[in-house]
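Work through the exercises below with the sequence and the model open. Each task is followed by a stepwise solution.

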Amino acid sequence: MTSDASPSINGAARVTTGKVRPHQTQNESLVFEKSSPGKRGYKLPPLDVPAIDIKALLGSAAREMPAALPELSEIEIIRHFTRLSTWNYAIDLGMYPLGSCTMKYNPRVNEFVARIEGLADAHPYRPDSLAQGALEVIDLLQRCLIEITGMDAITLQPAAGAHGEFTGILLVRAWHESNGNARRKIIIPDSAHGTNPATAAICGYTVENLKSNADGGIDLDALERQVDDETAALMLTNPSTLGVFENQIHKIADILHAKGALLYMDGANMNALVGKVRPGDFGVDVMHLNLHKTFSTPHGGGGPGSGPVACKAFLEPFLPTPVLVRREIEVNSPAPESWETVGDDQPAPLFRAPVAEPNSAEDPRKEHVTLCWDYDRPKSVGRVRAFYGNTGMFIRALAYILANGPDGLRQTTEDAVLNANYIRAKLEDLYELPYKTPSMHEVVFSDKRQAALGVKTGDIAKRLIDYGFHPYTVSFPLIVHGALMIEPTESESLEELDLFISAMRSIAKEVEESPDLVKSAPHSTRVSRLDEVQAARKPILRWRG
Amino acid sequence: MPYPANYRYTREHEWIELNGSVGTVGITDYAQNSLGDIVYVDVPKVGDTVTANATFGSVESVKAVSDLYSPVSGTVTATNEELKTAPDKINENAHGTWIIKVELSNPAEFNALLDAAAYESFISEETNS
């Protein structure tokens, strides 16, 4: 499936000296190919207990032949995985302008906080009374996200954005069902993320497409005609996938609410809104966030992701179980186990539930407040994730929010929008801008001028790799033919943005002077163009066929 | 590639040819060209009902997954088995490669579709917009 560039680079390396070249350009064989009989990465002391007869113990389950595991020394395996790790393109290596993905820097302070003993070691089966620190982190993050979104309630369970959509639409469905009719359809604009229609379909709804108007926004008249008594919700991304803010959003909400339909917001582009406007204030009923986009937790490479769902109060009874609640402990009841041992002369535990101000004059019982999980939720849509969600991401996102503070988050939003508009201003003389409406945190060009010379968006993206950048998002959104979707995020400095802009300008010049150079890119990687078509039509799923 | 005069077309880029009460449905050359290399076609089962202007399946290319919209209402009488192993037939010859056959329940729907000239002017507008 690889092009002919692969064997030649590999072959050349072998033929010349066998000396190691920079690993981005060098192929690495599989551990099985490096294996040699008898090599070990460990040495055990001689057996000083009676040997066990495995066959007698396991019977027919005992292996006849040893497993065909690769045999390597410790340094070989260390080198193998270290070399593989150098193939990664990561935000720590350079700009990652993948539009719609918000590939922002993952601050090191997040990692520091997530490794604090007590948080890092917290076990999900630990009783609530012994997990007050971790629960306090979850509670504070919930309150921060509710404040940022302007909603009333939240669940942190969903493990990613699409999972959040699924959970959000389950809430919509449960609410409609509680009113006696689940309704039949969900309306989705043609600029939406592909996950939106998939979510609607898997929740049992038919999808109705809504065409964008000339500015790339919602056509209010068309929406008015389309919304009816069978419409469960509109799933809307704001700003849209064109990076355009939906100015009529409150009117859109009014049209839906007049027919008893709900407004779902895909929060993928929340990085353009944080600290500036709140979806809860412009009519959104339920939405998801992506902690791995907007709130700087790792994105890609296993993340893991996290897609909290925030909703208005009327949807709260349907939230996945369990939900975190504060309960007051009566003073006469036995203190929680964890507190019994903490006397006056002992240091207080590192994390401790906040103790409510004693107000004994009015109510002597209200002395302690404790956080605990409430499972008694008869209207809940049920669990959507084991335990409480990807808790490690909650710690990182909270660290990001607290490190920035309200003003810092607002500045982040402004910088993200400024960076996208800087790129737009510096490139719009060379690349076609299909929608002239003001850009928010990302800018979408088209390859119209380059395509006239036979070079498409995918070619330009691949050439960008030679300049040391991760490609932008290619061919999305679908309403722009040959889209180049660029989202720099606030992480990039003016210097890095200028490097990117000069790379894009240089490629535009190459398209005019030597288009074949761009059409055959990348030229600096171990392998060049993979045969994507054959890989999809006739995939080879086994090593060596 | 010419757009056959005996076919009718949708604004979603499907074509249909009518033989008696059975319509043969495929996607247009313009559609296959926009999608790029097609790798998978998802079709309904024989006996399923399809509704005019509603999705009846999808076509997946290297670039995107796109819904298929039925030009007419009716019952599916056959699906093109060849597309399971050779979806690229659509790229090679879009107007000669059918996807499903439909027994029309409302033949008037056929006459309401675009003819070849109207479809060609529709796609030239779409290309220039």
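**Exercise 1.** In this predicted model, find how strands β2 and β3 of chain B pair, and over how many bridges.

*Solution.* Step 1: locate the strands. β2 of chain B covers residues 14-19, and β3 of chain B covers residues 22-27. Step 2: read the direction. The two strands pair in the antiparallel sense. Step 3: count. Six bridges join them. Step 4: fix the register with one residue pair. E17(B) faces T24(B) in β3(B).

**Exercise 2.** Place these strands in their sheet, then state which strands of chain B stand at the edges.

*Solution.* Step 1: write the order. It reads β1-β2-β3-β9-β8-β5 in chain B. Step 2: classify the sheet. It is open, has six strands and pairs in the antiparallel sense. Step 3: take the ends. β1 (8-9) and β5 (49-50) of chain B each have a single partner strand, so one side of each lacks a neighbour in the sheet.

**Exercise 3.** Move to chain A. Which strands pair with β12(A), and in what sense?

*Solution.* Step 1: take β10 of chain A, residues 443-446. It pairs with β12(A) in the antiparallel sense over four bridges. S446(A) stands opposite A483(A) in β12(A). Step 2: take β11 of chain A, residues 473-474. It also pairs with β12(A) in the antiparallel sense, over two bridges. Here T473(A) stands opposite M485(A).

**Exercise 4.** Are the faces of β12 of chain A covered or uncovered?

*Solution.* Step 1: split residues 483-486 by side. A483(A) and M485(A) lie on one side, L484(A) and I486(A) on the other. Step 2: check burial. All four of these residues are buried, and both faces are covered. Step 3: set this against the chain. Of the 545 residues of chain A, 37% count as buried.

**Exercise 5.** Describe the contact between chains A and B by residue count and, for chain A, by residue class.

*Solution.* Step 1: count. Chain A gives six residues and chain B gives seven residues. Step 2: sort the chain A side. Three are nonpolar, one is polar and two are charged.

**Exercise 6.** Where in chain A does pLDDT stay below 50?

*Solution.* Step 1: start with the average. Chain A has a mean pLDDT of 89, and 88% of its residues score at least 70. Step 2: flag residues 1-20 of chain A, where pLDDT is below 50. This stretch has 20 contacts in the model beyond near neighbours in sequence. Step 3: flag residues 346-356 of chain A, where pLDDT stays under 50. The model has 20 contacts for them beyond four places in sequence.

Notes: Residues are numbered from 1 along each chain as its sequence is written. Chains are lettered from A and ligands numbered from 1 in the order in which they are written. This is a predicted model: local features need pLDDT of at least 70, side-chain atom pairs count only at pLDDT 80 or more; totals for chains, interfaces and linings use all residues. pLDDT is the predictor's confidence in each residue, from 0 to 100. Two residues are in contact if their C-beta atoms, placed from the backbone, lie within 7 Å. Ala, Val, Leu, Ile, Met, Phe, Trp, Tyr, Cys and Pro count as nonpolar, Asp, Glu, Lys and Arg as charged, and the others, Gly among them, as polar. Two strands pair if DSSP finds at least two bridges between them. A residue is buried if 20 or more other C-beta atoms lie within 10 Å of its own, exposed if 12 or fewer, and partly exposed in between; C-beta atoms are placed from the backbone.
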